Amino acid sequence: MTETLPPCPECSSAYTYALEGLLACPECGHEWPARAPQDSGPEVRDSVGNVLRDGDTVTVIKDLKVKGSSSTVKVGTKVRGIRLVAGNHDIDCRIPGIGQMGLKSQFVKKVAE
């Protein structure tokens, strides 16, 4: 029986191996549990239905006014390394030129990398 192991969560190396109930990466030395904990929260999807994960890159699909400022996040702005959080604004990110901000997933689209 051939079993495929997941890539390393740190460096995305495909050369992972099992080691006494852990998975290990020979390239970066990262070790993690063989059974990943199940996410208890609901899936977060972008405006077109793609499932979002922590660390994804997204683009803004609509001009968004920044509350308490005269700034605007323009359509097409690429946001790297998002973090999913609970609440009304379910994406926490750093937008270039604006700073730390919360976004709603309905106003972003996942970028295929």
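# Pockets, strands and cysteines

Biologist: How much space lies in the second largest pocket?
Modeller: This is a predicted model. In it, the space in the second largest pocket is about 230 Å³.

Biologist: Which strand supplies the largest share of the lining of that second largest pocket?
Modeller: The lining includes Leu64, Lys65, Met101, Gly102 and Leu103. Strand S5 (64-65) and strand S10 (99-103) each supply at least two residues of the lining. The largest share is three residues, and it comes from S10.

Biologist: How do the residues of the lining of the second largest pocket divide into nonpolar, polar and charged?
Modeller: Among the lining residues are Val66, Lys67, His89, Lys104 and Phe107. Phe and Val count as nonpolar, Lys as charged, and Gly as polar. The lining of the second largest pocket divides into five nonpolar, two polar and three charged.

Biologist: S10 has come up already. In what order do the strands of its open sheet stand?
Modeller: S9 and S10 pair in the antiparallel sense, over five bridges. S8 and strand S9 (residues 91-95) also pair in the antiparallel sense, over two bridges. The open sheet of three strands therefore has S8 and S10 at its edges, each with a single partner strand. Its order is S8-S9-S10.

Biologist: Is S9 largely enclosed or left open by the rest of the structure?
Modeller: A residue is buried when its relative accessible area is under 20%. Four of the five residues of S9 are buried, so by the rest of the structure S9 is largely enclosed.

Biologist: Which residue stands opposite Leu84?
Modeller: S8 and S9 form a hairpin, with six residues between them. Gly87 lies in the turn and has a positive phi of about 125°. Across the pairing, in S9, Leu84 faces Ile91.

Biologist: Which residue takes a positive phi in the hairpin of S9 and S10?
Modeller: This hairpin has three residues between the strands. Ile95 has a bridge partner in S10, namely Gly99. The residue with a positive phi, near 85°, is Gly97.

Biologist: Which strands stand at the edges of the open sheet that holds S4?
Modeller: That sheet has three strands in the order S7-S4-S11, with antiparallel pairing. Each edge strand has a single partner strand, so one side of each is left without a neighbour in the sheet. The edges are strand S7 (78-79) and strand S11 (108-110).

Biologist: What stands opposite Val58?
Modeller: Strand S4 covers residues 58-60. S4 and S11 run antiparallel and are joined by three bridges. In S11, the residue opposite Val58 is Lys110.

Biologist: How many helices does the protein chain have?
Modeller: Read along the sequence, the pattern is β-β-β-β-β-β-β-β-β-β-β. The chain has eleven strands, and its number of helices is zero.

Biologist: Is the protein chain spread out or a compact globule?
Modeller: The globule rule gives 13 Å for 113 residues. The radius of gyration is 17 Å, well over that, so the chain is more spread out than a compact globule. Along its principal axes the C-alpha trace spans about 55 × 25 × 20 Å. On the question asked, the answer is: spread out.

Biologist: What share of the residues in the protein chain is buried?
Modeller: Being buried takes under 20% relative accessible area. Of the 113 residues in the chain, the buried share is 28%.

Biologist: How many disulfides does the structure hold?
Modeller: A disulfide needs two cysteine sulfur atoms within 2.5 Å. Cys11 is in no disulfide, as its nearest cysteine sulfur, that of Cys25, is 3.6 Å away. The sulfur of Cys28 is 3.6 Å from the closest cysteine sulfur, in Cys8, which is too far for a bond. The number of disulfides is zero.

Biologist: Are Cys11 and Cys28 buried or partly exposed?
Modeller: Cys11 has a relative accessible area of 33%. For Cys28 the value is 40%. Partly exposed lies between 20% and 50%. Cys11 and Cys28 are therefore partly exposed.

Methods. Residues are numbered from 1 along each chain as its sequence is written. This is a predicted model: local features need pLDDT of at least 70, side-chain atom pairs count only at pLDDT 80 or more; totals for chains, interfaces and linings use all residues. Side-chain values use heavy atoms; hydrogens and water are left out. Two strands pair if DSSP finds at least two bridges between them. On a 1 Å grid over the protein atoms alone, a cavity is a set of points where a 1.4 Å probe fits but cannot get out, and a pocket is an open set with protein on both sides within 12 Å along at least five of seven lines; lining residues have an atom within 4 Å of a point. Grid points are joined across faces, edges and corners, and a volume is the space filled by probe spheres set on the points. Buried means under 20% relative accessible area, exposed over 50%, partly exposed in between (1.4 Å probe, protein chains only). The radius of gyration is taken over C-alpha atoms; the globule rule is 2.2 Å times the number of residues to the power 0.38.
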